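Dear colleague,

I am handing over the structure below, and after it you will find a short account of what was found there. Please read the account with the model open beside you.

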Amino acid sequence: MVAEMGMSMKAGSSGYLEMHPERRIAMFQNPYIVGITFAAGIGGLLFGYDTGVVSGALLYIKEDFELVKNSSLFQELIVGMALVGAIFGAAAGGVVNDCLGRKSATIIADILFTVGSIVMAAAPNPYVIIVGRLLVGLGVGAASVTAPVYIAEVSPSEIRGGLVSANTLMVTAGQFLSFLINYGLTRVPGTWRWMLGVAGLPAVIQFILMIFLPESPRWLYLKNKKEEAVRVLSKIHSSPRLEDEIDILEELVKQESENKVKVKYSDVFRKKEIRVAFICGAGLQLFQQFAGISIIMYYSPTIIQMAGFKSNQSALFLSLIVSGMNAAGTILGIYLIDAVGRKILTLGSLSGVVAALVILSTSCYLMGHGNSNPTLGWIAIMGLALYIIFFAPGMGPVPWTVNSEIYPEEYRGMCGGMSATVNWICSVIMSTSFLSVVDAIGLGESFMVLLAISVVAIVFVILFMPETKGLTFEEVALIWKEKAYGKDRNDDSLANNAV
């Protein structure tokens, strides 16, 4: 059994699966896992839709409300208030995940999505729109924490990266859907009300599905609901791997009992191995946003109009193409994240983003300084498309995947929530300041700032991000202990030998 094989032979580790290749699970082999991933991923769909839809809705809100049309601040508030809500939703979502479970956290997020969508659709003035955006943002923040952790904890380690990335695909699919609906509703009366209100439908669908779905087996086991946890695990693994997985969870419970772990927020900064993990996770979330993805997705129609394509329909159509590339790139990322690994994928993604930003910033700079050649507008669109093509497979899914797997069980909800909060704070900063920064220094110069940040992000990944491909949660925990306290020179580093 597991104890006799040693730590390196435990279920899900590279040694275990090399010894027992017949126990390896392929991506679509188990319909139960796929079903849970899809249902949980609806939260990602809502996340993507509600953050993406505002880019098109804003064009029509400005037509209905003179106050919004004449104020960049009001436009930034309508875009950014959902992100403010996401900050608090992510922070609270981490606590709810640990206390009430992943399933309950998802249901609460669905209620927030539904109520917020109704409020926005019925809004008589911009102030009520902002309130609705805040409610939806609370749901977005909670979903951004919960869905990756829930999926990760029901996934075998050999396909965990791909399945968590599937949630990111749902996010990008939601963004694409938002642009598609935006474009399709351009001639419908009450355009922006339909755009903002339709998000309530998938939230209701997920709410119904979650009633019939199980809780995370790892959470159940650590909450001493062992029989329920085993029933869930038996639908994921067959014998003898099932027994091995149960042995691992039993060992975790025993360690927790012996250590009498009392999780505190201060531990994240006081315990060195948790601190170094959080620096990596939060840093990836920070650079995901500071590299400019929120700006590209929330303001792409506006950017396209600045590049010379003035009509709302043209801007929305070109934005739809860009969003489609985002979804397609994420599909590629689902394969690459477990095939080439998290770190290589991230470095390749950021390198492409840097090249795209060179093209985008140069073309926009020239247009902003008197060059009226229409070709520059198309070059800017090409730079925008290249940005998405390179960002989507790597920097899109990797920060969420890494944050779902790098923290010990007892800190996973808390640290995941804290890292997601960092993401949303940075997203608020970027989205609520973009138009003001463009007014102050110019569009091309603004993209040059993103270019410099992306270069710094490459350095950060090289220095602080380990490879976690194919490792169990327990093996990942050993990486941080190695980084925090060093390792025996006779031992191979898990960080350097992830497979």
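**What was found**

Helix H19 is followed by glycine 370, which has a positive phi, near 95°. H19 itself (residues 342-368) has 27 residues and reaches 38 Å from its first C-alpha to its last, close to the 39 Å expected at 1.5 Å a residue, where the expected span is 1.5 Å times one less than the number of residues. Helices here are DSSP runs (H or I, at least four residues), numbered from the N terminus.

Before going further, please note that this is a predicted model, in which local features need pLDDT of at least 70 and side-chain atom pairs count only at pLDDT 80 or more, while totals for chains, interfaces and linings use all residues. Residues are numbered from 1 along each chain as its sequence is written, and side-chain values use heavy atoms, with hydrogens and water left out.

Helix H9 (residues 160-184) takes part in two crossings, described here in turn. The axes of H9 and helix H21 (residues 398-405) come within 9 Å and cross at roughly 130°, the axes being lines fitted to C-alpha atoms over the stretch in contact, with angles that run from 0 to 180 degrees between N-to-C directions. That angle makes H9 oblique to H21 (under 35 degrees counts as roughly parallel, over 145 as roughly antiparallel, 65 to 115 as roughly perpendicular and the rest as oblique). Arg160, Gly161, Val164, Ser165 and Thr168 of H9 make the contact with Trp400, Thr401, Ser404 and Glu405 of H21, contact meaning heavy atoms within 4.5 Å.

The axes of helix H8 (residues 126-154) and H9 also come within 9 Å, and they cross at roughly 150°, so H8 and H9 are roughly antiparallel to each other. In this pair, Ala147, Pro148, Ile151 and Ala152 of H8 meet Arg160, Leu163, Val164 and Asn167 of H9.

Helix H23 (residues 443-464) holds glutamate 445, and serine 446 is found in H23 as well. Glutamate 445 is buried, with a relative accessible area of 18% (buried means under 20%, exposed over 50% and partly exposed in between, with a 1.4 Å probe and protein chains only). Leaving aside neighbours within four places in sequence, glutamate 445 is in contact with Tyr365 and His369. Serine 446 counts as buried at 7% relative accessibility, and, with residues up to four places away not counted, serine 446 touches Val437, Val438 and Ile441.

With kind regards
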